[in-house]
Amino acid sequence: MRLWRTLLVEQWKLLLITTAVVVTVISFAATVKPLSDGKLDALDVPRYILFAVPPMLAYALPFAACFSATMTYHRVAQDNEAIGMYAAGISHRSLLFPALISGLVIAAGLLALNDRVIPRFLRELQRMVTSDIARVIARSVEAGQPVKLGDWVIVADRAYVLPDPPEGVTAQARLTRVAALKVGHSQKPNDLPVDALGVSASADIWLFPAPEEAGGTAAYIGLGRTAARREGEVNLALWDSAEFGPMVLPDAFQNDPEFLTSSELLALRGEPERMEFITYRKRILAAHLAEPLTIEAIIDDLRSTGRVKLLGPPDSGQTLYLSGADLRQTPEGWSVIPAPGRAVELEEYRTLAQPDPDAPPVREVARWTVNRAYLEASLGDPQRPELELRLRVRRAESAATEGISGERLELRFEALRFETDFTNALAGLPIEDLSRHAQQRIDARAFGWEKLVLPRGGMINRWERLQREIVAKINERLAIAFSGAVMVVIGAIAALRLRSASPLPLYLVSFLPALLALIAINGGQQFAHRTSLSGLLLLWAGPVVPAIGAAIGYTRLRRH
């Protein structure tokens, strides 16, 4: 026991000193990039280094453990103490037992660090860099970099944070000589659609807490006197001011498995919707799948009852009743086919709120007989896709309604909804059920199947990638913990076998196995996450191959 205590004390003294030096160097190196990018102030560096210490321990401990065990047992072997112990009847196993104990303690410590401590400190590091969004915006502008807020890209000459933002505003940044554009989405390669843009001598960016269901931060851009093209418009126009938004900036901590503990990762496998990028892709597929279901439901209503009910935008109080016999697809949209001997008819009901809350609401009614009527479907807001219908009627003649009659060449009704909300119903399904519904339509080549292939493939690919990331992340944490124990044992065995070697080769013996193990673990984790779970073979080769080498070395040591 006294021998074990002596070896343990000597080894742990060297382990603590080595770990402190390596961790300090790595932690300081980790601050270079955020500091050079302008995301940290000089005063933030000590705090950032302090928070970086636990995450860096996962990389420093295998090196320090192998080095300390190698140096400790090399001194014992070089001073012939090991020979004396063998002569006194102490076996190789007893001599190496303190190294095994240290390895198990280090492995348990690494497992606890990787599972519980490091994810929380990584959150703090990320929060220091990204939580003060206004400051990040100002520093990016000062560094000459564009600022990306959601789908918006902003370029400016100067930026600074205002000290006293208005009430209700989290933070406010002011920019000068600003150009802002909203980049749209396109399925065509090398296509960069611009949905809206604005140029101004000055602009303000206001940051608010996003709604609870969205999470993160909401940003608005307010331009001064500007030349701008608003979303949905074609030409630039001069405006005294223009406001764009909101742009929802998701919370990075809720959308990166790296910040989750192992128990949270295991729970995430059954609830992938906790990740915003999964929810977003589910909603895209749900909206695409809702389009044919909605059109089919409208056709069923027209064929069975001769009319269909459409709801206006929320809080508009608008309801439309469209009468016809069927729908037919044309280049201009879905054309409403009138019943034999009748024209297509449209009734519009609008409920108007009164200033007096006790007064009954006023309901307006307009009835139209139309020559042509077309329905079109779109996905609405790209950040929250939801099926919207657009109704265009041509040569609409109104019946006498409240003493008003006349003819309109064209009427447009935007952002309409079918009374059954297929989008939200489908988005609420488990991901496997939603995928199965889409695949059934694809296999049957049912109406609209070609629009489902890419959204379903994107959702399934991202979901499978998340599942692989969870498995790879858990295995990475276990492998790093195992490597800590292996490095201690292999360092001790190598030191006893190479007792006549100089310190430099021994240093390489203690450095290279740990380095190669960490490279294999990290590389295998990345390959398993991005490509295939076969990367786990490379991941576990990192600690297992040195463990096999340690077993072979121990066998040879016993023979001598």
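**Core**

I started with the largest nonpolar core, which has 54 residues, and Y73, L95, L96, M487 and L496 have the most contacts inside it. My rule for a nonpolar core: buried Ala, Val, Leu, Ile, Met, Phe, Trp, Tyr and Cys residues joined through side-chain atoms within 4.5 Å. Buried means under 20% relative accessible area, exposed over 50%, and partly exposed in between, with a 1.4 Å probe and protein chains only.

Note to self: this is a predicted model, so local features need pLDDT of at least 70 and side-chain atom pairs count only at pLDDT 80 or more, while totals for chains, interfaces and linings use all residues. Residues are numbered from 1 along each chain as its sequence is written, and side-chain values use heavy atoms, with hydrogens and water left out.

Next I checked which elements feed this core with two or more residues: α1 (2-30), α3 (45-78), α4 (81-87), α5 (92-130), α11 (453-497), α12 (503-530) and α13 (535-559). The largest share, 16 residues, comes from α3. Helices here are DSSP runs (H or I, at least four residues), numbered from the N terminus.

I then looked up L95. Leaving aside neighbours within four places in sequence, L95 is in contact (heavy atoms within 4.5 Å) with L7, Y73, A82, M85, Y86, I90 and L496. There is also a second, separate core of 28 residues, including A134, A156, A171 and I221.

**Helix α11**

I compared the span of α11 with expectation. Its 45 residues reach 61 Å from first C-alpha to last, close to the 66 Å expected at 1.5 Å a residue; the expected span is 1.5 Å times one less than the number of residues. Of those 45 residues, 33 are buried, so α11 is largely enclosed by the rest of the structure.

**Salt bridges**

I counted a salt bridge wherever a side-chain nitrogen of Lys or Arg lies within 4 Å of a carboxyl oxygen of Asp or Glu, and got 23.

R441 and E296 form one at 2.8 Å, N to O. That pair links distant parts of the chain, with R441 in α10 (431-444) and E296 in α8 (276-305), 145 residues apart. R441 is buried at 12% relative accessibility, but E296 is partly exposed at 29%.

R350 and E348 also pair at 2.8 Å. Here R350 is partly exposed at 27% and E348 is buried at 12%.

Back in α11, K473 meets E476 at 3.4 Å. They sit three residues apart, about one helical turn. K473 is buried at 12%, and E476 is buried at 8%. Last, I noted that salt bridges sharing partners join E10, R75, D79 and E81 into one network.
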